[in-house]
Amino acid sequence: QHGGSVVCTSEKSKAFPRGKVEFVIQLMAASPTEDALAQPTNVPEITKEEREDSQRVFESPALQAVTPSEGHAAKPHVVFLDDSPLARWVWEAKLKPLTNIRCFAGPRELFERIESGSIELSKIHTLITDHYFAPDERLTGLDVARELRSRGFGGRILLASNGAFSAAELTGLVDKVVDKSPVDWDELGH
């Protein structure tokens, strides 16, 4: 509709033994009038120090403990695990308006954050996890659920997978299997 194009290439080589996928999105340049309308006015420049400070605040464990002001409901804390950067980006964009979502590439990264104290297990409302991760990741989504439950995690665990699972595999571990395609928070049955 905008007169642009999307080109996707993939490569598996010595330089990229696990493979590489590249998307190139090309959009048409705006006319001078459209450019002028699109330019924000009176927006101050953000310094490198301000950007680093805001990143430290975002990563701070204290952020997990923020309580809502009286009369305002807190957004639930959601963790999403998937080794696909595109999946993380799309799920984050879909759930961000109604949740405080943190995305990780896999179980190792999540458990490192839990061990370091930057994520409190008791503060997580819902964990959404892929089942199969990159070959170097030894845990599956069900393994993650099993480990979290053994640590006393009482929140919801959703398995984002298109695979088939028996009730016996899921009972006591996973609350719901959801399609890999991102869905609205309301559709996840919170």
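This passage describes the main pocket, a nonpolar surface patch and the salt bridges of a predicted model.

The largest pocket has a volume of about 460 Å³, and of the 17 residues that line this pocket, Arg 18, Asp 83, Ser 84, Pro 85 and Leu 86 are the closest to its centre. At least two lining residues come from each of strand S2 (20–26), helix H3 (85–95) and helix H4 (107–116), with S2 giving the most, namely three residues. In character, the lining is made up of seven nonpolar, three polar and seven charged residues.

Strand S2, in which Phe 23 is placed, also gives the most to a nonpolar patch on the surface, again with three residues. This patch is formed by Val 6, Val 21, Phe 23, Ile 25 and Leu 27, which together have about 550 Å² of accessible area.

Side chains of opposite charge can pair when their charged atoms come close, and a search of the whole structure finds five salt bridges. In one of them, the closest N and O atoms of Arg 108 and Glu 137 are 4.0 Å apart; the pair links helix H4 with the loop between strand S5 (124–130) and helix H5 (141–150), parts of the chain that are 29 residues apart. Glu 137 counts as buried because its relative accessibility is 15%, under the 20% limit, whereas Arg 108, at 42%, counts as partly exposed.

Another salt bridge joins Arg 151 to Glu 115, with the closest N and O atoms 2.7 Å apart. Arg 151 lies in the loop between H5 and strand S6 (156–160) and Glu 115 in helix H4, so this pair ties together parts that are 36 residues apart in sequence. Glu 115 and Arg 151 are also linked with Glu 147 in a network of salt bridges.

Conventions:
Residues are numbered from 1 along each chain as its sequence is written. This is a predicted model: local features need pLDDT of at least 70, side-chain atom pairs count only at pLDDT 80 or more; totals for chains, interfaces and linings use all residues. Side-chain values use heavy atoms; hydrogens and water are left out. On a 1 Å grid over the protein atoms alone, a cavity is a set of points where a 1.4 Å probe fits but cannot get out, and a pocket is an open set with protein on both sides within 12 Å along at least five of seven lines; lining residues have an atom within 4 Å of a point. Grid points are joined across faces, edges and corners, and a volume is the space filled by probe spheres set on the points. Helices (H or I, at least four residues) and strands (E, at least two) are DSSP runs, numbered from the N terminus. Ala, Val, Leu, Ile, Met, Phe, Trp, Tyr, Cys and Pro count as nonpolar, Asp, Glu, Lys and Arg as charged, and the others, Gly among them, as polar. Patches are made of residues with over 30% relative accessible area and no salt bridge: like charges are joined within 9 Å, nonpolar side chains (Val, Leu, Ile, Met, Phe, Trp, Tyr) within 5 Å. Accessible areas come from the Shrake-Rupley method with a 1.4 Å probe; for residues, only the protein chains shown count as cover. A salt bridge is a side-chain nitrogen of Lys or Arg within 4 Å of a carboxyl oxygen of Asp or Glu. Buried means under 20% relative accessible area, exposed over 50%, partly exposed in between (1.4 Å probe, protein chains only).
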